[in-house]
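The exercises below are meant to be worked through with the sequence and the coordinates side by side. Each task is followed by a solution that goes step by step.

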6 protein chains.
Amino acid sequence: MRILVLNPNTSPTMTAEIAVAATAAAHPGTDIVCCAPRFGSTAIDSAAESYLSAVGVMDAVEILLADGAFDYDAVVLAGFGEHGRDALAEMLTVPVFDIAECAAHVATLIGRRFSVVTTLARSIAPIEDRLLLAGLDAHCASVRACGLGTAEVDADPAGAVRAIVEEAVRAVTEDGADVVCLGCAGMAGVTTAISDEVGVPAVDGVAAAVALAQAVVGLGLSTSKAGVYAPGPDNPRSHWPLSRALGMSS
Amino acid sequence: MRILVLNPNTSPTMTAEIAVAATAAAHPGTDIVCCAPRFGSTAIDSAAESYLSAVGVMDAVEILLADGAFDYDAVVLAGFGEHGRDALAEMLTVPVFDIAECAAHVATLIGRRFSVVTTLARSIAPIEDRLLLAGLDAHCASVRACGLGTAEVDADPAGAVRAIVEEAVRAVTEDGADVVCLGCAGMAGVTTAISDEVGVPAVDGVAAAVALAQAVVGLGLSTSKAGVYAPGPDNPRSHWPLSRALGMSS
Amino acid sequence: MRILVLNPNTSPTMTAEIAVAATAAAHPGTDIVCCAPRFGSTAIDSAAESYLSAVGVMDAVEILLADGAFDYDAVVLAGFGEHGRDALAEMLTVPVFDIAECAAHVATLIGRRFSVVTTLARSIAPIEDRLLLAGLDAHCASVRACGLGTAEVDADPAGAVRAIVEEAVRAVTEDGADVVCLGCAGMAGVTTAISDEVGVPAVDGVAAAVALAQAVVGLGLSTSKAGVYAPGPDNPRSHWPLSRALGMSS
Amino acid sequence: MRILVLNPNTSPTMTAEIAVAATAAAHPGTDIVCCAPRFGSTAIDSAAESYLSAVGVMDAVEILLADGAFDYDAVVLAGFGEHGRDALAEMLTVPVFDIAECAAHVATLIGRRFSVVTTLARSIAPIEDRLLLAGLDAHCASVRACGLGTAEVDADPAGAVRAIVEEAVRAVTEDGADVVCLGCAGMAGVTTAISDEVGVPAVDGVAAAVALAQAVVGLGLSTSKAGVYAPGPDNPRSHWPLSRALGMSS
Amino acid sequence: MRILVLNPNTSPTMTAEIAVAATAAAHPGTDIVCCAPRFGSTAIDSAAESYLSAVGVMDAVEILLADGAFDYDAVVLAGFGEHGRDALAEMLTVPVFDIAECAAHVATLIGRRFSVVTTLARSIAPIEDRLLLAGLDAHCASVRACGLGTAEVDADPAGAVRAIVEEAVRAVTEDGADVVCLGCAGMAGVTTAISDEVGVPAVDGVAAAVALAQAVVGLGLSTSKAGVYAPGPDNPRSHWPLSRALGMSS
Amino acid sequence: MRILVLNPNTSPTMTAEIAVAATAAAHPGTDIVCCAPRFGSTAIDSAAESYLSAVGVMDAVEILLADGAFDYDAVVLAGFGEHGRDALAEMLTVPVFDIAECAAHVATLIGRRFSVVTTLARSIAPIEDRLLLAGLDAHCASVRACGLGTAEVDADPAGAVRAIVEEAVRAVTEDGADVVCLGCAGMAGVTTAISDEVGVPAVDGVAAAVALAQAVVGLGLSTSKAGVYAPGPDNPRSHWPLSRALGMSS
């Protein structure tokens, strides 16, 4: 089985970290290929960056399809709360897995109420929106932010772990969560710290998505094309795919 | 007062029709400027096209801001159910009005239950999503589709009006709607036909958005910057604005 | 355009204050006429007073209709959370605007989550009821009370402003609101104080209702008569209109 | 035990029919006194008439209180979906029972999904509103109307029974109801007809309210005065109680 | 009238206490018979014990039916939040009353928002589930636990009353409840303590269920057999009724 | 990995069919052991049978635990909409997977709206309840019944497939489903028939549960013991485990 994991931002460090997490969740026979858009933002902390990244991952997939190089059994979209899953589901016949939704699915399977701990407070609302649209908000106790942006997390990983663990404690004691989802990608060691220090299971979205991708592909199932994810009509587009129009070779 | 009306697709015909509808709803002292993205799709009938158009309108606004040429008091985003409003709200200090939300606001003010009649069935789900996220779904009786795509509407406007009126009748008799919102932009004469033949008020989203923009600007109010619409952090982006990277002059 | 603004209580001071707020939101070509019921309560702090005031404004409108003196394009009902809007919508062919609903509409247009700050705690429940029935509760973060009754507000306006601003701060910091609606009518200077001291937009219901009335009337729209707001059957009534039965001349 | 049953309209026929239904549900030791407002409407088919009747029953209760003649253990408000219960709950220390809510309570106790069958279609919305505000809408399968107004029901009772039974059949077969509530007061014989012909339990609101009143009073419980039903502040009112101002003796 | 009150656990002390509470709520002409399962758990503090007790009460009813000894007009299931009501409703033609649902019904009739105070925190979730399934959660302000298990309550009744009263105070001041339901059976004196010290009505589920049973039976109503409570198909069962298979004589 | 699949009814045929479906979804390294309760019902078509089966599977697990013979990494509870999952989650430290919930999780991952097609109409309500409690109802378009009981399905499998396919067609065309879940266990060939004839993905709950069990166990996660699934207190029980009390050897 081959799974394409798409980091929606353009940070190579983040792509590498996501690849590590994805690979750790892969079966022996599963190949993980992790890549990033050819253009966009180095981190995603706003709606504008989220839309830009959605178009970036669409572009990356479009290039693969156009080149006849799309040979994957599933796609994981590794942006927590970001846009774009529905567009990929339309474009592809293989199933697409959003890490925010997958974390929530796994959390719901092993507990009664889950909380999400994300980076900045401004990301709370889009994550709530994603859970609401996915119909996964009923058992969400809270979405909380540790207050650190991407750069700060990179600069002080140990401090970031402490900040996330502290927020996880609040999720459990104040909001009644019995599972915590990590609302960001690529943070090694945090799930262990939460399990150890908070005493509740911690779900990493990338690992959850890879696991669910393997499960669904193993069942022989894929995105329903009978509804909203049917391929779109062929309305003429200019400058598409954008990376080709920008003169980038594959 | 100056209002920028953004058609998210690249069809000049549609842009012109939107301009007519917007201008008709403008006060004597209100200037309407209607424009379209520099790249993208000629029509929007999929999630992929919706994201592409969101980035297209972000690009158009970014160019205006970068050039010091953004001198508007409000922006209307004239895509019914399309993405992008939240990104513009982040980027701008003036208020932004989505035509789907504005149609729903006006419908709720004058009736108890509204239905939306859109073009293709595949657009029903994104419109439902938009209303759900905006908190405006409670009084939505139904979202219905007349089954005609953009090209068909263009080829046979009179037939399109009949198809929409027929669906509006079903919305009233079967779903209990007492107001009908037009779920597409730029269809002259449909609101009159619905009012005349169905006997319920019909709301055009572009007109509604222009009217609400004038109301909110007149109140001296604008987008709250205390929450999710605060300006995003300055994460480095490549190839932005895209139209400049693509070598387009303004 | 002529707008009738109905203060549902009988306090002339309050009527005058509402008239000032309404006039400030009116376009140059809009005439504001502000009046109060011929009988009822000097303030509305209970369900009983709310029903009495609803009948009072119905009576005022009935007299105008009976005398052929109703020459308005819209009616604003200036009681925050009070009853009566649906009755006026039945009686009239011009649209009717409730200040609680209009404040919520405007708040939703410019932010993600709004709070209402009202006078006494006992008014919280009826305001919640009004928002729920109007389908505008989904983005309501909280309804809070400053704890001061009408008399206290009149006796110490500066103290009232301080109390409301304090509660607005809690709405923003504890409940996550990014817009605050004033849950009472006729308090000059409060919206400015909230904007200045709390840093979020503040919406005054009377101003919002006048602005939305102008917008809807400008769109050529009015209350749908195809549903629940159709004129009622002519069941015989005694002593109606009450003010005539009470021997009051117009 | 003494229960005051308030018919909110002024029709003596209806008052008599309600008294029969209430008396049939009373225990041997329970005295039923049934009365109507001193002014108002002979039937209630609109929001305006509903508000007028709410003030009418408030007036009737106020007169009793003022005269020291209120010697009841509970009050039943016998308008299905009408306003006023909350005002009476404020005014009185004994509990108040709304027949729409009580019918829904009893229906929920004996089935999984109930439907209401009322008179005119225009009464559907206010009944839905009442159930929503009472928190009793979750198990409501539908509110349906038989299409006959009060006068028609009076003129052809047998035809009215047939029309209601037909609608009850639809509620069961199309909407999945397993209990039917009669959405009007004073129709002898309908519950038997529904039980016999439709095969589901039928709940009469007046009987349900009397039964629940006896149950709650028997438990020694009454309206909580710790929240929204605390007595209102003493704001000055003019012409109150209205019937006294209108010159009516008791 | 004869009411069978089923204590779902096997503690004779608890059965006796429930009998006292039930008898106190019975009319002069109502006979209360209180019994417990022939096997099961001495207390119910887990889902496993709740299922075991549901089968225990089913067994007790089955024995009565098989012996032709079921001569009751109604059944009260005296487990707060426990399973089993739906099974009894299928098996019996007389109505079945769950004490958690009945407490919520009565609380909703006399207040606007109720809280439940139960024993251990682990019982909060099942009570919330029961209210959600019964459609009675909308006006539930909170379910709180006093933290004492059954044994502790038995060992120190006065301390238990203090703990429950303290939690009731929090429900009123922090959660906005105006009625408190006791989330356990058989605690004499607690309702009085709550009323006296907290100033809100307190509802005991056993008393509420007996009162509502008398009300519903008095109305001549019973469980609808037109839906989910129709008798089940006769699938072959082994070892049923279990108490007979276990060799117990009646 | 070893997965214990529990058929909650006692039919050996059904146990065998479930084993086939479970084994087909197992990885090469996964051992499936399928068993049934030692007592109970041969089919589950009522709440009473559902509770009895819940206790039956609890008994089966208890015996394994008591004998030190529980050496599984996960448990699948193969009753669609039946009770018991929460009890097993309390009793075990390995995760437990309910086939109704798992089917809904997988359906939500690959489509926007799913329908469930079950056997008898009386099973619709319990399945709706299970989805509601699991927080998975938001994207459920409908739960439908093909009208055939277990015996009829066994007697005419081809006819059962046709009946289910017909109902699946209605789910897609009338309710807007784009995925169909099979609301029963052990029907070979139905998912293929639905995919082929209806054109939407069909999800079998047993296969889905085995796939998700493998995914969750592969992630190193298990049931959270920090909340409602913590082991219950040790209240004394009589006759437990029941099968031992009934004199059955293991």
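**Exercise 1. Chain pairs with and without contact**

Task: In this predicted model, decide whether chain A and chain D are joined or separate, treat chain B and chain E in the same manner, and then describe how many residues chain A and chain B bring into contact.

Solution: Begin with chain A and chain D, between which there is no contact, their closest C-alpha atoms lying 16 Å apart. Chain B and chain E are likewise not joined by any contact, and their closest C-alpha atoms also lie 16 Å apart. Turning to chain A and chain B, one finds 43 residues of chain A in contact with 43 residues of chain B. On the side of chain A, the residues that lose the most area to chain B are A:Y51, A:R122 and A:L133, which together account for 18% of what that side buries. The area buried between chain A and chain B comes to about 3600 Å², of which 63% is on carbon and sulfur atoms.

**Exercise 2. Polar links and composition of the interface**

Task: Determine how many salt bridges are counted between chain A and chain B, and establish which elements of chain A give two or more residues to the side that touches chain B.

Solution: The count between chain A and chain B is four salt bridges. One of them pairs A:E90 with B:R122, and because the cut-off for a salt bridge is 4 Å, the separation of 3.4 Å between the closest N and O atoms of A:E90 and B:R122 qualifies. Across the same interface of chain A and chain B, 24 residue pairs are in polar contact, both residues being at pLDDT 80 or more. Next, assign the side of chain A that touches chain B to its elements: those giving two or more residues are α2 (47–66), α3 (85–91), α5 (124–133) and α10 (242–245) of chain A. The largest share, eight residues, comes from α2(A). Sorted by class, this side of chain A has 25 nonpolar, 10 polar and eight charged residues.

**Exercise 3. A buried serine beside the salt bridge**

Task: Locate B:S46 in its chain, and decide whether B:S46 is buried or exposed.

Solution: B:S46 is found in the loop of chain B between β2 (31–35) and α2 (47–66). Its relative accessibility is 9%, and therefore B:S46 counts as buried. Leaving out residues up to four places away in sequence, B:S46 touches A:E90, A:G232, A:R237 and B:R122, and among these are A:E90 and B:R122, the two partners of the salt bridge described above.

**Exercise 4. Two contrasting environments**

Task: Decide for E:A22 and for D:P231 whether the residue is buried or exposed, and list what each touches.

Solution: E:A22 lies in helix α1 (residues 12–24) of chain E. With a relative accessible area of 0%, E:A22 is buried, and its contacts, not counting residues up to four places away in sequence, are E:V5, E:I32, E:V206 and E:V210. D:P231, by contrast, belongs to the loop between α9 (205–218) and α10 (242–245) of chain D, and its relative accessible area of 57% makes D:P231 exposed. Neighbours within four places in sequence aside, D:P231 is in contact with C:R122, D:E90 and D:K225.

**Exercise 5. The largest nonpolar core**

Task: Establish how many residues the largest nonpolar core has.

Solution: The largest nonpolar core has 99 residues, and those with the most contacts inside it are A:F97, A:V203, F:F97 and F:V203. The residues that F:V203 touches include A:L221, F:A103 and F:V179. Apart from this core lies another, of 98 residues, among them C:F97, C:C140, C:V179 and C:V203.

Technical notes: Residues numbered from 1 in each chain as written. Chains lettered and ligands numbered in written order. Predicted model: local features only at pLDDT ≥ 70, side-chain atom pairs only at ≥ 80, totals over all residues. Heavy atoms only, no water. Contact = heavy atoms within 4.5 Å. Buried area = accessible area lost by both parts, 1.4 Å probe. Salt bridge = Lys/Arg side-chain N within 4 Å of Asp/Glu carboxyl O. Polar contact = N/O pair within 3.5 Å; in protein donor to acceptor, adjacent residues only side chain to side chain. Helix = DSSP H or I, 4+ residues; strand = E, 2+ residues; numbered from the N terminus. Nonpolar A, V, L, I, M, F, W, Y, C, P; charged D, E, K, R; others polar. Core = buried A, V, L, I, M, F, W, Y, C linked by side-chain atoms within 4.5 Å. Buried < 20%, exposed > 50% of the residue type's maximum accessible area, 1.4 Å probe, protein only.
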